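Subject: Structure handover

Hello,

Here is the structure for your files. My notes follow below it.

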Amino acid sequence: MHNLEISAVHCPYCGKSIKLLIDCSLKTQRYIEDCEVCCRPIDVSVSVDTDGAPSVTVSQENEI
């Protein structure tokens with residue numbers, strides 16, 4: 001069974017608040033998701049702690 005949680009983040013391009021649906025059954029994940037406001041690609045990194053709480057970091061697609 002998947003443990004899904006909604007996480008609010010700010011787009012690194014336009015700064016608008018967007019909501020991401022996070023699958024907390026995976027300990028770590030990284031993927032690209034387009035901003036629902038400006039449609040630019042956001043690099044999303046997620047880590048889930050032992051209590052099942054996600055920590056979400058977003059950055060511009062090619063940001064190092």
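What percentage of the 64 residues of the protein count as buried? The figure is 25%, and since this is a predicted model, that value, like the others here, is computed from predicted coordinates.

Overall fold. The protein has 5 strands and 0 helices. Along the sequence the pattern reads β-β-β-β-β.

Dimensions. Along the principal axes, the C-alpha atoms occupy a box of roughly 30 × 20 × 15 Å. The radius of gyration is 12 Å, which agrees with the value near 11 Å that a compact globule of 64 residues would have.

Contacts. Take the contacts between residues at least 6 apart in sequence: 26% of these join residues at least 24 apart.

Surface. About 4500 Å² of the protein is exposed, and carbon and sulfur atoms supply 49% of that area. One nonpolar patch on the surface covers about 320 Å² and is made by Leu4, Ile6 and Leu21. Of these residues, Leu21 can be placed in strand β2, which spans residues 17-23.

Is Leu21 buried or exposed? Leu21 counts as exposed because its relative accessibility is 54%, and the cut-off for exposed is over 50%.

If you look at one site, the patch of Leu4, Ile6 and Leu21 is the one described here.

Regards

Key. Residues are numbered from 1 along each chain as its sequence is written. This is a predicted model: local features need pLDDT of at least 70, side-chain atom pairs count only at pLDDT 80 or more; totals for chains, interfaces and linings use all residues. Side-chain values use heavy atoms; hydrogens and water are left out. Patches are made of residues with over 30% relative accessible area and no salt bridge: like charges are joined within 9 Å, nonpolar side chains (Val, Leu, Ile, Met, Phe, Trp, Tyr) within 5 Å. Accessible areas come from the Shrake-Rupley method with a 1.4 Å probe; for residues, only the protein chains shown count as cover. A salt bridge is a side-chain nitrogen of Lys or Arg within 4 Å of a carboxyl oxygen of Asp or Glu. Helices (H or I, at least four residues) and strands (E, at least two) are DSSP runs, numbered from the N terminus. Buried means under 20% relative accessible area, exposed over 50%, partly exposed in between (1.4 Å probe, protein chains only). The radius of gyration is taken over C-alpha atoms; the globule rule is 2.2 Å times the number of residues to the power 0.38. Contact means heavy atoms within 4.5 Å.
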